[in-house]
Amino acid sequence: TRSLTITSVDQSMFEKAQGEKVTLPCTFELSEEDEGPLDIEWVLIPADNQKREQIIIMYAVDRVYNHYYAAMTGRMQFTNLDPKSGDGSLDILNLKAADTGTYQCKVKKAPGVQSKKIQLTVLVKPARTKCSIEGSQEIGKDVTLKCVSQEGSPLLSYDWRRVSGTQNLPATSMLNKNTGELLLKNASREYSGRYNCVATNRVGTDECSVELNVTPPVHTAGIITGAIIGTLLGLSVLCSIIFCFCKKHREKKYEKEVHHDIREDVPPPKSRSSTARSYIGSNRSSLGSMSPSNMEGYTKTPYSQVPSEDFERAPAQNPAFAPSKVAAPNLSRMGAVPVMIPAQSKDGSIV
């Protein structure tokens with residue numbers, strides 16, 4: 001008996017560039033025995049077998065359902081507006097790298113059931129390719145021209161060509177197509193000129209260019225001497241700044257210490273012995289000026305009651321005598337011997 005058959009079996013792998021459109025074919029033929037309702041499903045089979053298949057679009061009971069897969073919403077549709085005519089092919093617009101995967105078309109019309117798998121690979125064209133020069137552009141030096149694309153699906157291939165001059169690469173050049181590096185050994189003036197790099201993969205190309213200017217060696221002796229002199233001058237200026245800063249700091253520190261210390265030019269306080277001598281001398285001068293009547297009261301004052309250095313009040317025993325307020329030391333403490341001062345009585349005799 002005849003049954004439902006999928007007729008599009010000619011191509012099962014597609015390679016497209018990002019941004020392009022692809023049509024995944026799925027045509028079929030029905031038989032007289034297929035009497036059930038027609039269902040057409042497109043599913044995305046994940047690379048991880050642990051994950052479930054994802055329905056992306058479906059036709060059932062004369063209606064299209066395309067809201068199952070949000071990543072392709074608005075970018076997919078059936079090629080034929082009436083899939084039941086035998087064409088269930090799928091169009092995917094504005095392809096993205098994430099659209100890469102295995103797609104399966106399932107056609108059901110009981111009792112017939114058929115399916116077909118298609119592998120889709122979305123490649124990214126080379127883009128934002130940049131050229132650069134590495135190494136010294138001096139005569140006799142080795143120079144490397146580099147070329148790399150910021151975007152692009154592998155495998156990328158790089159090729160260099162010379163734009164100016166003979167348009168042929170120098171005889172000493174070595175090209176690595178996988179990395180995009182062009183090594184020019186023992187460069188000479190003839191190597192100067194513009195070089196162009198072309199990055200290529202299966203879906204597109206991109207290119208960039210660079211200007212090479214090979215010059216004689218630069219005399220570095222003068223440059224080195226100037227650099228040394230400049231360094232020494234800079235160090236001397238730095239040392240001067242540090243010296244001035246330290247000097248200023250020491251001056252401030254010294255002023256602070258002197259402010260808090262006792263001044264050295266202030267004379268020390270008098271000792272007890274000098275105070276005692278001062279007190280005795282003052283008493284002698286006072287006694288010399290006293291009259292004989294006053295002497296009698298004064299001589300009765302014991303020497304043991306000489307006021308101390310810290311006691312400056314006048315003696316209370318003799319109100320008529322007013323000693324000087326100069327502080328006097330305790331003579332008994334110092335072991336001083338009392339001195340008897342001779343005086344003249346009323347009749348002229350010495351007592």
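The structure holds 11 salt bridges, a salt bridge being a side-chain nitrogen of Lys or Arg within 4 Å of a carboxyl oxygen of Asp or Glu. This is a predicted model, in which local features need pLDDT of at least 70 and side-chain atom pairs count only at pLDDT 80 or more, while totals for chains, interfaces and linings use all residues. Residues are numbered from 1 along each chain as its sequence is written, and side-chain values use heavy atoms, with hydrogens and water left out.

**Stop 1: K146 and its partners**

Select K146 and E134. They form a salt bridge whose closest N and O atoms are 3.0 Å apart. K146 belongs to strand β13 (residues 143–151) and E134 to strand β12 (residues 127–134), so this pair ties together parts 12 residues apart in sequence. Strands here are DSSP runs of E with at least two residues, numbered from the N terminus.

Add E181 to the selection. K146 forms a salt bridge with this residue too, with the closest N and O atoms 4.0 Å apart. Here the link is between distant parts of the chain, from K146 in strand β13 to E181 in strand β16, 35 residues apart. E134, K146 and E181 are thus linked in a network of salt bridges.

Colour the three by accessibility. K146 is partly exposed, at a relative accessible area of 26%. E134 is partly exposed at 44%, and E181 is partly exposed at 35%. The classes are buried for under 20% relative accessible area, exposed for over 50%, and partly exposed in between, computed with a 1.4 Å probe on protein chains only.

**Stop 2: K185 and D142**

Next, select K185 and D142. Their salt bridge has its closest N and O atoms 3.5 Å apart. K185 sits in the loop between β16 (181–184) and β17 (193–201), and D142 in the loop between β12 and β13, so the pair ties together parts 43 residues apart in sequence. K185 is partly exposed, with a relative accessible area of 35%, and D142 is partly exposed at 38%.

**Stop 3: the four-stranded sheet**

Show the strands around K146. Four strands form an open sheet in the order β12-β13-β16-β15, with antiparallel pairing; two strands pair if DSSP finds at least two bridges between them. β12 and β15 (173–176) stand at the edges with a single partner strand each, so one side of each is left without a neighbour in the sheet. From one strand to the next, the twist averages 10°, with axes taken as lines fitted to C-alpha atoms and angles running from 0 to 180 degrees between N-to-C directions.

Within this sheet, three bridges join β13 to β16, which run antiparallel. To see the register, select L145, which stands opposite L182 in β16.

**Stop 4: the six-stranded sheet**

Move to the open sheet of six strands, ordered β2-β11-β10-β5-β6-β7 with mixed pairing. Its edge strands are β2 (13–17) and β7 (63–65), each pairing on one side only. Neighbouring strands of this sheet are turned by 20° against each other on average, direction ignored.

Select β5 (residues 38–45) and β10 (residues 101–109): eight bridges join these antiparallel strands. I45 has T102 in β10 as its bridge partner.

On the next pair, nine bridges join β10 to strand β11 (residues 112–123), again running antiparallel. A hairpin connects β10 to β11 through two residues. For a reference point on this pair, pick K106, whose bridge partner in β11 is S115.

**Stop 5: D87**

Finish at D87, in the loop between β8 (76–78) and β9 (90–92). Where is the nearest side chain of opposite charge? K116 is that residue, 10 Å away, and D87 is buried yet has no salt bridge. For charge, Lys and Arg count as positive and Asp and Glu as negative, with His and the chain ends not counted.

Display S89 as well. The side chains of D87 and S89 make a polar contact at 2.7 Å. A polar contact is a pair of N or O atoms within 3.5 Å; within protein, one must be able to donate a hydrogen and the other to accept it, and residues adjacent in sequence count only if both atoms are side-chain atoms.

Last, select C26, T27, F28 and N80. D87 touches these four residues, not counting residues up to four places away in sequence, where contact means heavy atoms within 4.5 Å.
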